[in-house]
Amino acid sequence: MPALQSLADRISLISESSTMKVAADADRLRREGVDVVDFSAGEPDFPTPENIKQAAIRAIQENFTKYTPVSGTVELKQAICDRHKSNYGTAYQAKECVVTVGGKHACFNLMQALVNPGDEVIIPVPYWVTYKDIVNYAGGKCVFVDTDEDAGFALTAAMVERNLSPRTRAIILNSPSNPSGAAFSRAELDRIVRLCKDRGVWVITDECYDRFLYYEEPYSLAAMPDVKETVIVAGSLSKTYAMTGWRLGFVLAPAPVIAGVNKLQSHTTSNPTSISQKAAIEALRGPQESVTAMLAEYRTRRDYVIERLRKIPGVKAQEPQGAFYAYPNVSAAYRNGISNSLQFAEKLLAEEHVAVVPGEAFGTNDHIRLSYATSMQELARGLDRLERFIIAHT
Ligand SMILES: Cc1ncc(COP(=O)(O)O)c(C=O)c1O
């Protein structure tokens, strides 16, 4: 019998998601009765809109509670394609769509379906924590590309080109970005997609925050002409419709990629929850005002957070162009027992009871991530404490 402690090698290729670990630490303190201000959560603080909830209740009452096709119902896949078309002018058909158990599942399945051991996957830094682990889990090699912080974490085609090799299989783009809130320049994105097309490299565009852009009109790389064989969309309803717990995401891609993802899904999760699928149809086909209202609220909070951060001595804060995260550079406070972002976050939680995610989870050591998907009152309380902490440590 194998020893109890002997796990498969591949499980050591990944580590626990640090964003979830911070949330768990904060939660533990809270249960001990500590007044914690939590800036770690990567989810909207708004409730799921009422019309979406009612659709789910109806699904239960009408006994829509059984298996559906593995890739989701045709009705939902069509609703996803129609919403994408009406938002961005794309022309996907239901057979080019698979519904997944959240956007994370979409990204995971794609890596499993596309990446061979030894293949390289380009990941701009800072990156969403999960990309690294799912590339590693597929046996791939992450090629990290630094962005230009002083230019708002900008990524250029030249930066990408320098890192391409004959083994490059894919690039993962996430604009607007978790954790920086950066939106890459459209002209550069166009160049990057063209470059990847020429070199036979997949472009995976993670559109998790696609509707939350503060200056530009939302767009999709999949809407560029003649890129259907290059661009793959990983989408999610989690943030757009405040549906994080419902676990609903999707992939839009050429039919052979969809077939690969579907095969994997047929032996793992099978279909996403039937009830969530009905709710998703209502989210996508019903009124979209809630999305606009959330964006307006995030904008107000972003302005407040950035203004406050920039007033703290030594803190450098780029203005987020989208999503709901600020990613300030706090390295000026790395002294007196703090020498990295992990220690900064741990001490901040221990001394001031403010939970943030250390930048090292996202590939940079000088930053912390603050989610402003929380009330203005909590933002004010937490920023007061953060300010006091930084002043005390510098
Ligand atoms: C960049 C990015 N992609 C994908 C996801 C996945 O979200 P979900 O699995 O809840 O749809 C997240 C969630 O935090 C994210 O930040």
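**Exercise 1. Work out which residues of strand β12 are buried on each side, and place the strand in its sheet.**

*Step 1.* Start with the strand itself: β12 covers residues 368-371. Strands here are DSSP runs of E with at least two residues, helices are runs of H or I with at least four, and both are numbered from the N terminus.

*Step 2.* Look at each face in turn. Ile-368 and Leu-370 are buried on one side, and Arg-369 and Ser-371 are buried on the other, so both faces are covered. Buried means under 20% relative accessible area, exposed means over 50%, and partly exposed lies in between (1.4 Å probe, protein chains only).

*Step 3.* Find the partners. β12 pairs with β9 (residues 325-326) in the antiparallel sense over 2 bridges, and Leu-370 is the bridge partner of Ala-326. β12 also pairs with β11 (residues 357-358), again antiparallel over 2 bridges, with Val-357 opposite Arg-369. Two strands pair if DSSP finds at least two bridges between them.

*Step 4.* Put the pieces together: the 3 strands form an open antiparallel sheet in the order β9-β12-β11. β9 and β11 are the edge strands, each pairing on one side only.

A word on the model: it is predicted, so local features need pLDDT of at least 70 and side-chain atom pairs count only at pLDDT 80 or more, while totals for chains, interfaces and linings use all residues. Residues are numbered from 1 along each chain as its sequence is written, and side-chain values use heavy atoms, with hydrogens and water left out.

**Exercise 2. Find which residues touch the most other members of the largest nonpolar core.**

*Step 1.* Fix the term: a nonpolar core is a set of buried Ala, Val, Leu, Ile, Met, Phe, Trp, Tyr and Cys residues joined through side-chain atoms within 4.5 Å.

*Step 2.* The largest core has 86 residues, and those touching the most other members are Leu-173, Leu-237, Leu-309, Phe-344, Leu-370, Leu-386 and Ile-390. Helix α10 (residues 289-311) gives the most to this core, with 7 residues.

*Step 3.* Set the second core apart: this separate group of 41 residues includes Val-121, Cys-142, Ile-172 and Leu-349.

*Step 4.* Return to Leu-370. Beyond four places in sequence, its contacts (heavy atoms within 4.5 Å) include Phe-39, Val-305, Leu-309 and Leu-386.

**Exercise 3. Decide whether Ser-175 is buried or exposed, and follow its contacts to Asp-206.**

*Step 1.* Ser-175 sits in the loop between β5 (168-173) and α7 (186-199). With a relative accessible area of 18%, Ser-175 is buried.

*Step 2.* A polar atom of the Ser-175 side chain lies 2.9 Å from the backbone nitrogen of Phe-184.

*Step 3.* Not counting residues up to four places away in sequence, Ser-175 touches several residues, including Tyr-219 and Asp-206.

*Step 4.* Asp-206 belongs to strand β6 (residues 202-206). Asp-206 is buried but has no salt bridge, and the nearest side chain of opposite charge, Lys-239, is 9.0 Å away. A salt bridge is a side-chain nitrogen of Lys or Arg within 4 Å of a carboxyl oxygen of Asp or Glu; for charge, Lys and Arg count as positive and Asp and Glu as negative, with His and the chain ends not counted.

Technical notes. A polar contact is a pair of N or O atoms within 3.5 Å; within protein, one must be able to donate a hydrogen and the other to accept it, and residues adjacent in sequence count only if both atoms are side-chain atoms.
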